[in-house]
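Open the model in a viewer and keep the selection panel at hand. The stops below go from single side chains to a sheet and back to ring pairs.

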Amino acid sequence: MSSIPKRRKVSQAILQSLGTGLVPRKGVEHIAIGRQAEMTELQNDLGVIADGGATFRLIVGRYGAGKSFMLQLLRTQALNQRFVVADADFSPQHRLTGSKGEGLALYRELLGNLSTKTRPDGNAFGALIEKWLSNLQSRLAREGIAPDSDEFDRKPNGLVHQVLGEVEAMTHGYDFADVLNAYTRGHRQGDDELKAAALRWLRGEYHSKTEARLGLRGTVRVMIDDATWYDNLKLIAYFARQAGYRGLLIFLDEAVNLSKISNRQARENNYLRLLAMMNDTLQGNAEYLGIYIGATPEAMDDRRRGFYSNEALETRLRESRFSAPGLRDLMGPVLRLEMLSEVELRQLLQTVRDIHVWHHRHESRVDDGAIQQFLAAMQGRIGADSLLTPREVLRDFVTLLNLLRQNPQQSFDDLLGKVASTPSEPPKAEAVDSLYADFSI
């Protein structure tokens, strides 16, 4: 799957991200090495979602092992296959539920990051509604209703509930359709204030029903809040399908922050919400929806504060007794990432080197033999057997390439010797010793 980007803007994003230990937001497909079996199963998920199904996946791996990379790669592929995507990171302010509206804050973050292929950087919700409305008007035109007729002005208002009939049968679906009805009126009447008010309700930005009624100029029965935001995501997934997309994918990373919640009851409430979402998708109660969550083994397996501290979650998430190293069921809700093989790491470094050469337009001083030396040096560092990850290897490798380019008087062997004498950096304290550091709530 790897290749050289066609634009230096993309190669710059790749090199800068890898050099600082980040996953590139753009161009991740150019450095996709390994994980073929996992990606094949995730691609199968997309087909199921497009056919009206739903899926729930926990991508589990150590810090730097490639969780965020896989989520970003799947996000890119989903955009190219006409899915709507939304992503967010768990944090003390963004959880599944909380006493201070943390669940609603997570929903707002997801809606702000809602993206399509034509709007890959977020804020695509308004454009999604406009696309749906355009499709609705095209349908009327096919029925012989002229765009400048009075009937064209009246008919969309009645058709909103007719077209969204199946949506109305879902939880809070009637209110969702009613707000879309208000948006449609605003669109036909050139009333930008009414359109903005409808978008505010759909994004969960109103603080009270009174405020929402004033904005929407009508009755509002429910509000999107901590208790109802997931139901609204299911409505948006179905709505995205009616707008001409194949479904909605939700990406949530840094799930370790749920296990860091200090208050036991608050942590348990989040696990119960996670359990409800998993049951809902896996039992077929959601349509056109995929949920993908990145977590560490500690966040999963710890029976005191991790997901396994909830007996119902553990029952659903633990691997079968038939699973073993090299014999994994990749179709279950938990997808544990194994470390890249030496061959895959070498291919990855060769690709990054080629991108570096293309981007900077210079002669490479690192051939394949030098890459093999670099890997051997990395693997020979103190602690490499337990601490070395693709993130650390790539960060050091990009730095080495940069130094060789900027310092032509330095040799590869000299620079490599300096790196090889440095022990592998252990994970940050918050990632190991303080993995479960308390957060205030």
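Over the ring of which residue does the charged end of Arg-361 sit? Select Trp-358: the charged end of Arg-361 is 4.7 Å from the centre of that ring. Keep in mind that this is a predicted model. For another charge over a ring, select Lys-131, which lies over the face of Tyr-245 at 5.2 Å from the ring centre.

Next, show the sheet. Its five strands are paired in parallel, in the order 2-3-4-1-5, and the sheet is open. Strand 2 (84-89) and strand 5 (334-336) are at the edges with a single partner strand each, so one side of each has no neighbour in the sheet. On average, neighbouring strands are turned by 15° against each other, direction ignored.

Add the helices. Helix 2 (residues 36-50) lies across strand 1 (54-60), strand 3, strand 4 and strand 5, at about 160° to strand 1. Helix 4 (residues 102-112) lies across strand 2 and strand 3, at about 135° to strand 2.

Now select residues 248-253 and 289-295: these are strand 3 and strand 4, joined by five bridges. Phe-251 has Tyr-292 as its bridge partner in strand 4. The ring centres of Phe-251 and Tyr-292 are 5.6 Å apart and the planes are at 25°; the pair is therefore stacked. Phe-251 counts as buried at 3% relative accessibility, and Tyr-292 counts as buried at 0%.

The structure holds six aromatic pairs. Among them, Tyr-238 and Tyr-288 are edge-to-face, with 5.7 Å between centres and 70° between planes. Tyr-238 is in helix 11 (residues 229-242), while Tyr-288 is in the loop between helix 13 (264-282) and strand 4. Both Tyr-238 and Tyr-288 are buried.

Last, select Trp-132, Phe-176 and Phe-239, which form one aromatic cluster.

Technical notes:
Residues numbered from 1 in each chain as written. Predicted model: local features only at pLDDT ≥ 70, side-chain atom pairs only at ≥ 80, totals over all residues. Heavy atoms only, no water. Pairing = 2+ DSSP bridges. Helix = DSSP H or I, 4+ residues; strand = E, 2+ residues; numbered from the N terminus. Axes fitted to C-alpha atoms, helices over the stretch in contact; angles between N-to-C directions. Contact = heavy atoms within 4.5 Å. Phe/Tyr/Trp six-rings, centres within 6.5 Å; stacked < 30°, edge-to-face > 60°. Buried < 20%, exposed > 50% of the residue type's maximum accessible area, 1.4 Å probe, protein only. Lys NZ or Arg CZ within 6 Å of the ring centre and 35° of its normal.
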